[in-house]
Amino acid sequence: TDLLQTQEIGTFRSLLQTVMNPRQDIPLISVLASPVFGFTAEDLAQIRGKQKKGSFYEALASSGHEKAEAFLTTLNTLRAEAKRSTLTGLMEKCLLLTRMDSVFGAMPGGEAKAANIQTFYQYACDFEKGALRELSQFLEHLDRMEERGLVTAGSAGGDCVNIMSIHKSKGLEFPVVFLSALSRKF
């Protein structure tokens, strides 16, 4: 499964895009309509109906809608966090404020959804270990990986082959183990 195409990661990614630039209508509306913030189609129509011109963010900010105010408070907190924190620090704050992992974890198939969120977080941690560490760079990297279809969901196990270092496999038991490159000198 393509990790970036799952509902939970799509929502998380849209939230990160909205934190980076709230004037992008598609990610913003995607986050608002998600189970995390729970805006209905009627809520979104009311907000847009009050201000038909400009970005949806401007309409949201001037709407006075109760859910909108709560969302904007969360968004402003996350935008401030993005300026002073690392990518993974921002993602931790996202999870803390939105309880996204709990929301998706309570849905049917919740264990897999929560595992996908953890996998996505780990993917960001691995990205941050490299030279690139900014939110915009991470989102661009995700776009490139999505085009290539290189980000997959699910953890290894079951009917698959695990390739790992001896150090990583320490203490694990496997029914069949292949050691490669033993012909060369250590």
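# Notebook: a predicted all-helix model

I began with Asp43, which is buried in this model, with a relative accessible area of 12%. I note at once that the model is predicted, and I read every value below as computed from it.

**Asp43 and its partner.** I looked up what the side chain of Asp43 meets, and found a salt bridge with Lys67 at 3.0 Å, N to O. This pair links distant parts of the chain, since Lys67 sits in helix 5 and Asp43 in helix 3 (residues 41–50), with their positions 24 residues apart in sequence. Lys67, at 33% relative accessibility, counts as partly exposed, whereas Asp43 at 12% is buried.

**The other salt bridges I followed.** How many salt bridges does a search of the whole structure find? The search returns six, and besides the pair above I wrote down two of them. Arg23 forms a salt bridge with Glu58, with the closest N and O atoms 3.9 Å apart. Because Arg23 lies in the loop between helix 1 and helix 2 while Glu58 lies in helix 4, the pair ties together parts that are 35 residues apart in sequence. I checked the exposure of both partners: Arg23 is partly exposed, with a relative accessible area of 47%, and Glu58 is partly exposed as well, at 32%. I then turned to Lys129 and Asp126, whose side chains meet in a salt bridge at 3.9 Å, N to O. Here Lys129 counts as exposed, at 64% relative accessibility, and Asp126 as partly exposed, at 42%.

**The chain as a whole.** I counted nine helices and zero strands in the protein chain, and read along the sequence the pattern is α-α-α-α-α-α-α-α-α. Of the 186 residues, 37% are buried. Taking contacts between residues at least 6 apart in sequence, I found that 58% of them join residues at least 24 apart. The chain exposes about 11400 Å², of which carbon and sulfur atoms supply 54%.

**Helix 5.** Since Lys67 had led me to helix 5, I went through this element in full. Helix 5 covers residues 66–84, which is 19 residues, and reaches 28 Å from its first C-alpha to its last, close to the 27 Å expected at 1.5 Å a residue. Which residues of helix 5 are buried? I listed Ala68, Phe71, Leu72, Thr74, Leu75, Leu78 and Glu81. An α-helix has 3.6 residues a turn, so residues three or four places apart point the same way. I then asked what the buried residues of helix 5 pack against, and the elements are helix 1, helix 2 (25–32), helix 4 (56–61) and helix 6 (87–98).

**Ser14.** In helix 1 (residues 7–20) I stopped at Ser14. Is Ser14 buried or exposed? Ser14 has a relative accessible area of 9% and is therefore buried, the limit being under 20%. Leaving out residues up to four places away in sequence, Ser14 touches Pro27, Ser30 and Val31. With Ser30 there is also a polar contact between the side chains, at 3.4 Å.

**Tyr121.** In helix 8 (residues 110–128) I looked up Tyr121, which counts as buried at 16% relative accessibility. Leaving out residues up to four places away in sequence, Tyr121 touches Thr88, Met91 and Glu92. I also recorded a distance to Ile9: the two residues are 112 residues apart in sequence, yet 9.8 Å apart in space, C-alpha to C-alpha.

**Arg99.** A backbone angle caught my attention at Arg99, which has a positive phi of about 55° although it is not a glycine. I placed Arg99 in the loop between helix 6 and helix 7 (100–105), and its relative accessible area of 43% makes it partly exposed.

**A nonpolar patch.** My last entry concerns the surface, where Val177, Leu179 and Leu182 make a nonpolar patch of about 310 Å². One of these residues, Leu179, I located in the segment after helix 9 (135–148).

Definitions and conventions: Residues numbered from 1 in each chain as written. Predicted model: local features only at pLDDT ≥ 70, side-chain atom pairs only at ≥ 80, totals over all residues. Heavy atoms only, no water. Patch = residues over 30% accessible without salt bridge, like charges linked within 9 Å, V, L, I, M, F, W, Y side chains within 5 Å. Areas by Shrake-Rupley, 256 points an atom, 1.4 Å probe, with all protein chains shown as cover. Salt bridge = Lys/Arg side-chain N within 4 Å of Asp/Glu carboxyl O. Helix = DSSP H or I, 4+ residues; strand = E, 2+ residues; numbered from the N terminus. Buried < 20%, exposed > 50% of the residue type's maximum accessible area, 1.4 Å probe, protein only. Polar contact = N/O pair within 3.5 Å; in protein donor to acceptor, adjacent residues only side chain to side chain. Contact = heavy atoms within 4.5 Å. Expected span 1.5 Å × (residues − 1).
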